[in-house]
Amino acid sequence: MSAAERVLVVDAPAKVNLSLEVLGKRPDGYHDLRSVVMPVALADRVELTLSGDSLELTVDADAGIDLSQLGPREENLAWRAARLLQARHGAPAGIRIHIHKRIPIGGGLGGGSADAAAALAGINRLAGLGLPPATLQALGTELGSDVPALLHGGAVCMEGRGERVSSILESRPQPVPGFWLVIANPGIHIATSHAYRMCVCTGGLTERPNSFNNIVSSVRSGDVNRAAAALFNGLEPGVFAAYPETARLVACLRDAGGMGVLLSGSGASVFALVRDAAHGEDVRRRLGAGVWSVLTKTLPDGVMVAHGPLEP
Ligand code: C5P
């Protein structure tokens with residue numbers, strides 16, 4: 001590392017939607033949503049370096065993560081986040097981004113959005129841009145509907161197309177425990193836009209106010225039984241019909257002992273809430289080694305963790 005380089009390493013957590021209601025189609029082509037979103041401990045590692053005179057991006061991954069699903073560099077959300085900060089807010093020309101992927105790509109776990117959130121917050125700090133949270137949130141909305149929730153961190157209610165985000169744990173006197181969960185991936189890719197189109201085509205828009213209220217109170221109380229009973233994802237029927245692998249994986253996780261099982265966001269990952277780590281390991285064993293899976297925990301208060309800046 002040369003004397004001019006500065007490095008910041010950010011853990012960028014994935015997310016699950018414990019409840020996802022699709023409320024209506026908007027004139028801009030997006031859908032109005034109401035969703036309870038929680039980050040999880042499964043995280044990409046985003047390393048940011050101020051160096052050189054151009055924007056560079058490299059990506060590697062844990063075993064089992066299919067890097068062939070990565071699009072071109074110009075479509076990478078972390079890359080686009082850096083470009084936005086350069087074009088509008090004076091971020092330096094020389095930025096190196098290295099992403100170590102642990103979150104399945106295109107899996108409905110918000111991996112690309114997490115990387116974008118890490119790039120926005122990280123470059124803001126590393127380059128001393130001094131942008132307030134509201135500005136970062138607005139940039140995040142331009143990049144993708146899940147970015148504002150992941151920038152905010154913790155358990156949130158997400159509304160609009162994703163741009164309105166509010167904590168559901170504000171003014172809690174005690175920290176609340178998270179839920180253990182097993183996330184599994186059937187090894188297929190589902191375009192988010194297709195999942196939303198299927199939602200409209202297969203029986204209309206979805207709303208389940210009881211799910212929303214019960215999920216919010218279960219997150220506040222840490223009651224995993226209540227959460228398992230209230231899980232809801234309005235995208236499920238369309239996605240299950242178009243991608244039967246996802247429905248089969250849900251059935252496998254149920255058979256393996258998952259308490260409540262749900263499609264994660266627009267898929268193709270699915271997750272099962274479990275009682276504790278031992279139960280989660282048991283579910284993974286029953287699922288078998290042929291299916292990608294990971295045991296992790298929701299982070300009710302979790303925010304992106306930054307290490308650094310590491311100055312020479
Ligand atoms: O915002 P993002 O780029 O993640 O959205 C990808 C696609 O998913 C959109 O182009 C749209 O088709 C669909 N979508 C939607 N309503 C949302 C979020 C996403 O219809 N609230």
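**Reading the ligand site**

Author: In this predicted model, the ligand sits in the largest pocket.

Reader: Which residues surround the ligand?

Author: The shell around the ligand consists of Gly29, Tyr30, His31, Leu33, Gly144, Ser145, Arg161, Thr192, Ser193 and Tyr196. By residue class, three of these are nonpolar, six are polar and one is charged.

Reader: Which helix or strand gives the most to the shell around the ligand?

Author: Helix 5 does, with three residues. Both strand 2 (31-50) and helix 5 (192-201) supply at least two residues of the shell.

Reader: How should I read the polar contacts, and which side chains take part?

Author: A polar contact is a pair of N or O atoms within 3.5 Å. In the side chain of His31, an N or O atom is 2.7 Å from an oxygen atom of the ligand. Ser145 places a polar side-chain atom 2.5 Å from an oxygen atom of the ligand. The backbone also takes part: a polar backbone atom of Arg161 is 3.1 Å from a nitrogen atom of the ligand.

Reader: How much of the ligand does the protein bury?

Author: Taken alone, the ligand exposes 450 Å², and the protein buries 75% of that.

Reader: Turning to the loop between strand 7 and helix 5, is Gly187 buried or exposed?

Author: A residue counts as exposed when its relative accessible area is over 50%. Gly187, in the loop between strand 7 (180-185) and helix 5, has 61% relative accessibility and therefore counts as exposed. Its C-alpha atom is separated by 21 Å from that of Ile99, which is 88 residues apart from Gly187 along the chain.

Key: Residues numbered from 1 in each chain as written. Predicted model: local features only at pLDDT ≥ 70, side-chain atom pairs only at ≥ 80, totals over all residues. Heavy atoms only, no water. Near = heavy atom within 4 Å. Polar contact = N/O pair within 3.5 Å; in protein donor to acceptor, adjacent residues only side chain to side chain. Areas by Shrake-Rupley, 256 points an atom, 1.4 Å probe, with all protein chains shown as cover. 1 Å grid on protein atoms, 1.4 Å probe; cavity = no way out; pocket = protein on both sides within 12 Å on 5 of 7 lines; lining within 4 Å. Sits in = over half its atoms within 2 Å of the grid points. Helix = DSSP H or I, 4+ residues; strand = E, 2+ residues; numbered from the N terminus. Nonpolar A, V, L, I, M, F, W, Y, C, P; charged D, E, K, R; others polar. Buried < 20%, exposed > 50% of the residue type's maximum accessible area, 1.4 Å probe, protein only.
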